[in-house]
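Student: Please take a close look at a single part of this model, a loop residue with unusual backbone geometry, and then set that part in the context of the whole chain.

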Amino acid sequence: MLNIQTNRSLSELSTFGIGGDAHFFAEISTISEAEEAYAWARKQELPVLVIGKGSNCLFRDEPFHGLALLNKIDFCTFEERKVFVGSGYSFSLLGVQTAKRGLSGLEFASGIPATVGGAVFMNAGANGKETYQTLSSVLYLFETGEKREFAKEELSYGYRTTSFQSMKGCILSATFNLGLNDEARKKQLEIIQYRMKTQPLKDKSAGCIFRNPSPDLSAGALIERCGLKDFSVGDAKVSNIHANFLINSNRASAKEMIELIERVQRQVFEKTNIHLEPEIRILP
Ligand SMILES: Cc1cc2nc3c(=O)[nH]c(=O)nc-3n(C[C@H](O)[C@H](O)[C@H](O)COP(=O)(O)OP(=O)(O)OC[C@H]3O[C@@H](n4cnc5c(N)ncnc54)[C@H](O)[C@@H]3O)c2cc1C
């Protein structure tokens, strides 16, 4: 049964720990609760904001006059090399569980603090792999209430871009078709160890802020070359562990974080003539 609450701070729903209040808030644990939530929002004529783990979102400081939905649709069933998973399921856990079964293709997901829905929305990736390589289909709820199953072939996607970024609605579930590899678990453990060594996982961040300008030029290396590690605006700071991670070092506001993003973009452009595109979503 859907429970709609009022005035929930979005900062608690984001790994950045930044954001104003959402006027209305609900957790959805099933597909029918998602449908119920959208029907309620349609009736009230309110916009809906779907949140997974909030690990790629910078929520603005101003209140959001709409319904924020926290996605907890978290079933997961295996059938040989196929996995059918709710969009609120932990993407990192999926990476571990598939690897433990000797299933290959999602080892890279281990350590990405996302939901499956967020990973499908973003085409999350790491270590040269990405979500759409093994994705086979997606069940989607349009804000109009229509539900539709998309085969991967019907979707367009690229580096951190997908069809869903220009659609209005909620990814409900996904099916992945995986390979077999006895070394999958070993590979997954190596990935998580490397991640722990190279990323500031104890800090409040949204992972990489900028897209890499090209496959062989990382945004982090560029920012570092421009001498911007530790550069800050208020409590918003460039990490000194990984320069493409901007962190909330105490009580940064969205305004400070946006100013830091713009200043980094400006300085990198002045020194290298390269314009860095944000990967994170500044919402709502
Ligand atoms: C420490 C750290 C490490 C990271 N490492 C990586 C990495 O290696 N690779 C990588 O690609 N990313 C990485 N990220 C970024 C982030 O985890 C990914 O972008 C991830 O895909 C976001 O998933 P989420 O569930 O948190 O989505 P959210 O941040 O909650 O949402 C992101 C966007 O997706 C939309 N959305 C979320 N769920 C749904 C849904 N069910 N239906 C419709 N829209 C939806 C939201 O509205 C929003 O626009 C990292 C982040 C952190 C904090």
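Tutor: Arg160 sits in the loop that links strand 13 (157-158) to strand 14 (161-162). In this predicted model, Arg160 has a positive phi of about 60°, although Arg160 is not a glycine. Most residues other than glycine have a negative phi. Arg160 is also buried: its relative accessible area is 12%, and the cut-off for that class is under 20%.

A second residue invites the same examination. Glu45, again not a glycine, has a positive phi of about 55°. Its place is the loop between helix 1 (31-44) and strand 3. Glu45 is exposed, with a relative accessible area of 72%, whereas Arg160 is buried.

The backbone has a further feature to record at Pro284. The peptide bond from Leu283 to Pro284 is cis, and its omega is near -10°. Most peptide bonds are trans. Pro284 belongs to the segment that follows strand 21 (281-283).

From the loop that holds Glu45, one may pass to strand 3 (residues 48-51), which runs parallel to strand 5 and is joined to it by four bridges. Within this pairing, Val48 stands opposite Leu67 of strand 5. Strand 5 also pairs in the parallel sense with strand 2 (residues 21-28), over six bridges. There Phe24 is the residue that stands opposite Leu67. Leu67 thus has Val48 opposite it in one pairing and Phe24 in the other. Strand 5 (residues 64-71) is mostly covered, as seven of its eight residues are buried.

These parts belong to a chain with six helices and 21 strands. The radius of gyration of the chain is 19 Å, close to the 19 Å given by the globule rule for 284 residues, so the chain is as compact as a globular protein of that length. Along the principal axes, its C-alpha atoms fill a box of roughly 50 × 50 × 30 Å. Buried residues make up 48% of the 284. Among contacts in the chain with a separation of 6 or more, 63% involve residues 24 or more positions apart.

As for the surface, the chain exposes about 13500 Å², of which carbon and sulfur atoms supply 47%. The chain carries 33 positive and 33 negative charges, and the mean positions of these two sets are 4 Å apart.

Notes
Residues numbered from 1 in each chain as written. Predicted model: local features only at pLDDT ≥ 70, side-chain atom pairs only at ≥ 80, totals over all residues. Heavy atoms only, no water. Buried < 20%, exposed > 50% of the residue type's maximum accessible area, 1.4 Å probe, protein only. Helix = DSSP H or I, 4+ residues; strand = E, 2+ residues; numbered from the N terminus. Pairing = 2+ DSSP bridges. Rg over C-alpha atoms; globule rule 2.2 N^0.38 Å. Contact = heavy atoms within 4.5 Å. Areas by Shrake-Rupley, 256 points an atom, 1.4 Å probe, with all protein chains shown as cover. Lys, Arg positive; Asp, Glu negative; His and termini not counted. Charge placed at Lys NZ, Arg CZ, Asp CG, Glu CD.
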